[in-house]
Amino acid sequence: MCERRILCSLVCGVIVLLFSVSTPAQTITINNNLLFGNIYPGIPKSVTKYTAGAASEFLVTGTAGNEISIDFTLPTYMNQGGFNMQMIFTENDCSFDTRATPSQSAPEYDNQDPWSTLYGRLGSAGLTIWLGGTIVPKLYQKSGAYSASIVLTVAYTGS
Amino acid sequence: MDIKQLSQIYRWSVIVTFLVLVVAAGSVRGQDVANGQATANVLAALSVTATQALQFGNVYQGVAKSQDETDDALSGIFDIVGAASAGISIYLTLPQYMALADGSDRMTIAFGTTDATVDTMNVTPSTVVATDGWVDTDPNNLPGVLVVGQAGQTNLYLGGKVIPAVDQAAGGYTGDIICNVAYNGT
C-alpha cells in the first residue's frame, strides 16, 4: 500500500514537473520604438499606430490560444537633459493583431485604449501590438534628442 | 522493508518532489516586461532679429521719398535663424504712418507690392538675385513657401515710401515694423 502511494507521488510529481517546464512563458520582443523624427518647436507631431517603421511595435509570443493581459505604463513627457516635452496618448492610439499574418494597416483589434488593461488571445504567430502617439513641443522647446520609456507588461490570465 | 522505512522514503519523496516543483515553477516567468522607447529630435527654435532699420534720411515737405530694399545701408533688414531648410511663414505688420515722438504729427508711409526680398543665401540686399530666394515680393502678402536657408538663416530686406504733407512738421519720425516668423511644419 505504501509503495503504491510512493510511486503515485513520484509519478504525479514528474508529470506536474514536465507540464510546468513544457509550458512556454510569454515573451515580448520590441520590433520598433516610437519614432517621431525631427520636430519643429511649436509644431505638434503625431505618429499613428498604422505607420510602419515609426509606430511602436511589440511582439508577444507564448502558448497559442492562451489569453494574456496587456498593460502599458505610458510616459506623459519626453526628456532631454532636464528639459521636458509633453506627450499625449489618446484612447484609440493602440491596436493589436493575433492572426498568423498580422496587419498594421488593418489590424484585427483597432482603436484600443493603451491606458486600460487590454486582453488578447495569443495566435499561432503570437500577438503583435502597435502604439502611436503625439508630442507637443513648446514654441521655444530646447533643441536636442528627447526620449521616454514605454513599458509594456504582459501576463497570462489563466483562461 | 518495514513500515518505518517505507514511511521515511515516502516523506523524503514528497519533500524532493516539492523542491523540484518549486525550482521548476521559478524557472517559468509569470509575466514579461519590455521597456520600449519613444524618441524625437527637436530642431533649433526659430528667432528673428531686426538688424537694420528702414531709413529714409532727410525728407522734404511735400516730396515723397522711396527707399528701395536693395540698399545695403538703408533698407530694413530682418535676420531669421532656425533649422536649415525648414518651412516657415513670415508675416509683417506694417505701419500706415510714422509719427513724431510727442505724437503731434504723422507722416504717411506706404509699402508697394515689390518692396520685400527674402534671401535664403544670406548675401546682401544689393547682390541678392532671384535664385537666392524671393525677390521683389509683396511685404503685405509674402509667399507661403518660404524656408530657412541651408546655412540656417534667411534674411528679409524691406523697402518703402514716405509721403510727407506740404505742411509736415519738422522732426524725427518713426514707425514700428513688426516681423512674425513661425515654422509651418514643412
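## Lys49(A) and its salt bridge

Lys49(A) counts as buried in this predicted model, its relative accessibility being 6%. The side chain of Lys49(A) forms a salt bridge with Asp110(A), and the closest N and O atoms of the two residues are 3.7 Å apart. Since Asp110(A) belongs to strand 9 of chain A while Lys49(A) sits in the loop between strand 3 (45-47) and strand 4 (56-61), the pair ties together parts that are 61 residues apart in sequence. Asp110(A), for its part, is partly exposed, with a relative accessible area of 27%.

## The salt bridge of Asp97(A)

Over all chains, the count of salt bridges comes to 2. One of them joins Asp97(A) to Arg99(A), with the closest N and O atoms 2.6 Å apart. Asp97(A) is buried, at a relative accessible area of 1%, whereas Arg99(A) counts as partly exposed, at 36% relative accessibility.

## An aromatic pair between strands

The count of aromatic pairs over all chains comes to 3. Among them is the pair of Phe96(A) and Tyr109(A), whose ring centres lie 4.7 Å apart and whose planes stand at 25°, so the pair is stacked. Because Phe96(A) is found in strand 8 (residues 94-97) and Tyr109(A) in strand 9 (residues 109-112) of chain A, this contact ties together parts that are 13 residues apart in sequence. Phe96(A) is buried, having a relative accessible area of 2%, while Tyr109(A) is partly exposed, with a relative accessible area of 37%.

How values were computed. Residues numbered from 1 in each chain as written. Chains lettered and ligands numbered in written order. Predicted model: local features only at pLDDT ≥ 70, side-chain atom pairs only at ≥ 80, totals over all residues. Heavy atoms only, no water. Phe/Tyr/Trp six-rings, centres within 6.5 Å; stacked < 30°, edge-to-face > 60°. Helix = DSSP H or I, 4+ residues; strand = E, 2+ residues; numbered from the N terminus. Buried < 20%, exposed > 50% of the residue type's maximum accessible area, 1.4 Å probe, protein only. Salt bridge = Lys/Arg side-chain N within 4 Å of Asp/Glu carboxyl O.
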